[in-house]
Amino acid sequence: LVKQGNLTLFATSLKVSDFMQPGFYSIERLDPENANEKGYQRLLNKSRAKKIADYIIKGQDTRDVFLPTSIFMATEKDIKFNPSNNTIEIDTNEIGSFNIVDGQHRIEGLKLAAEKDQRVLEFEIPVNIGVNLNEIEQMCHFLIVNTTQKSVEEGVAQRIKARLSSQIDVEKMPSLPKWILNSVQKSEDSKALGYIDYLNSSLTSPWKNKIKMANTESKEGVINQKSFVKAIKKYILVADNPLEAEHMDEKKQHKIFENYWRAIIDVIGDESTSVLYKYNGVFLFCMFAIPFFQKLRDKQDFTVPTMKKLLEHAFDNAESVAAGIGHSDFWTKGGKASGLNTGALGKINAELVTSLYKSQSDININDVKI
């Protein structure tokens, strides 16, 4: 028995087989097409429920599957509590169907899993049962639960997956949901964070102490780790990138990427508060990095001076939407770069690539090696 002000809860557990009983529970879903609908639950996301089912089934043999978060059920009626042995007795004929206030996707996923593997019927689920709650009160509790709880911050999740990647072959792990396991096995977060940590700590990096790391209370930094990691995963950790395709040493990859940003800042100007240091700047130049590095690979020259010459050539020959991109005014807060969306950035990148491959007879690329 749990008392929270006027709210009475019973904290216990039920088996999946209990939820499979006809009429044991119901879900009051809100129909967005019907303004008179009295439901309040989100519509069921079948894909999400199937992911849960796949995870549950996968863990049956190893017996390391878990869903520790409680399902929140509610009824308008009372349930008698026996204080001598801390038990309740549920008469479904008298109580009727319980409303699921929170946890519909877990229940649906467990039901789908039980239909494919009967062992799931014995799987126990922690539940909190609220009693004497009318429909309006249940609706309020749904709103409270789903607006006050906060999912794990993405930057923290990136760090956790990176650590798992480093331990996946040397430590015993529980079954992981497929969408998490795939990310861990690819080691993308770990690789991307390697770039981020290097940029944020290197004494010669223009990004030194400018990236706000996950789980930090410091207000320093002009871009979040999670945003930079997204851009690196999407545009740097790809087969088209020469740094990845040639399986280059990670330290060398990081140094080349730092050189790239040093060259960019040297050409455009170092105004640390400009949009160049925000997501639009990071997104664009991570996108442009692939053709840029492909151009440099022919000479195997990734030094800052050579990069600056190549950037100046691309910027000077840029036309249309990319005109002026090599000037600091383009990147001033409130200026042209501030209002760009993903589509516009893609068009600028296309124009930069075109100008990059224009005649370069005026550029003398030295044979200096990194």
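Contacts between residues 24 or more positions apart make up 73% of the contacts in the protein that have a separation of 6 or more. This value, like those that follow, was computed from a predicted model. The protein has 370 residues, of which 42% count as buried, and its secondary structure consists of 14 helices and ten strands.

Thr8 is placed in strand β2, which covers residues 7–15. The relative accessible area of Thr8 is 13%, and the residue is therefore classed as buried, the cut-off being under 20%. A polar contact of 3.0 Å joins the side chain of Thr8 to the side chain of Lys3. When neighbours within four places in sequence are set aside, the contacts of Thr8 are with Leu1, Val2, Lys3, Ile129, Gly130 and Val131.

Strand β2 also contributes to a pocket. The second largest pocket encloses about 170 Å³ of space. Two or more lining residues are given to this pocket by each of β2 (7–15), β4 (71–74) and α5 (135–148). Helix α5 supplies the largest share of the lining, with three residues. The lining comprises Gln4, Leu7, Leu9, Thr69, Ser70, Ile71, Phe72, Asp102, Asn128, His141, Ile144 and Val145. Six of the lining residues are nonpolar, five are polar and one is charged.

Helix α13 was examined for both its length and its packing. This helix runs over residues 304–316, and its 13 residues should span 18 Å at 1.5 Å a residue. The C-alpha atoms at the two ends of α13 are 18 Å apart, in agreement with that expectation. The expected value is 18 Å because the span is taken as 1.5 Å times one less than the number of residues. Buried positions in α13 are Val304, Thr306, Met307, Leu310, Leu311, His313, Ala314 and Phe315. These buried residues pack against three helices, namely α11 (250–268), α12 (279–297) and α14 (342–356).

A further strand residue, Lys212, belongs to β9, which is formed by residues 211–212. With a relative accessible area of 28%, Lys212 is partly exposed; this class applies because the value lies between the limits of 20% and 50%. Lys212 is separated from Asn200 by twelve residues in sequence, and the C-alpha atoms of Lys212 and Asn200 are 8.9 Å apart in space.

Terms used
Residues numbered from 1 in each chain as written. Predicted model: local features only at pLDDT ≥ 70, side-chain atom pairs only at ≥ 80, totals over all residues. Heavy atoms only, no water. 1 Å grid on protein atoms, 1.4 Å probe; cavity = no way out; pocket = protein on both sides within 12 Å on 5 of 7 lines; lining within 4 Å. Points joined across faces, edges and corners; volume = space filled by probe spheres on them. Helix = DSSP H or I, 4+ residues; strand = E, 2+ residues; numbered from the N terminus. Nonpolar A, V, L, I, M, F, W, Y, C, P; charged D, E, K, R; others polar. Buried < 20%, exposed > 50% of the residue type's maximum accessible area, 1.4 Å probe, protein only. Contact = heavy atoms within 4.5 Å. Polar contact = N/O pair within 3.5 Å; in protein donor to acceptor, adjacent residues only side chain to side chain.
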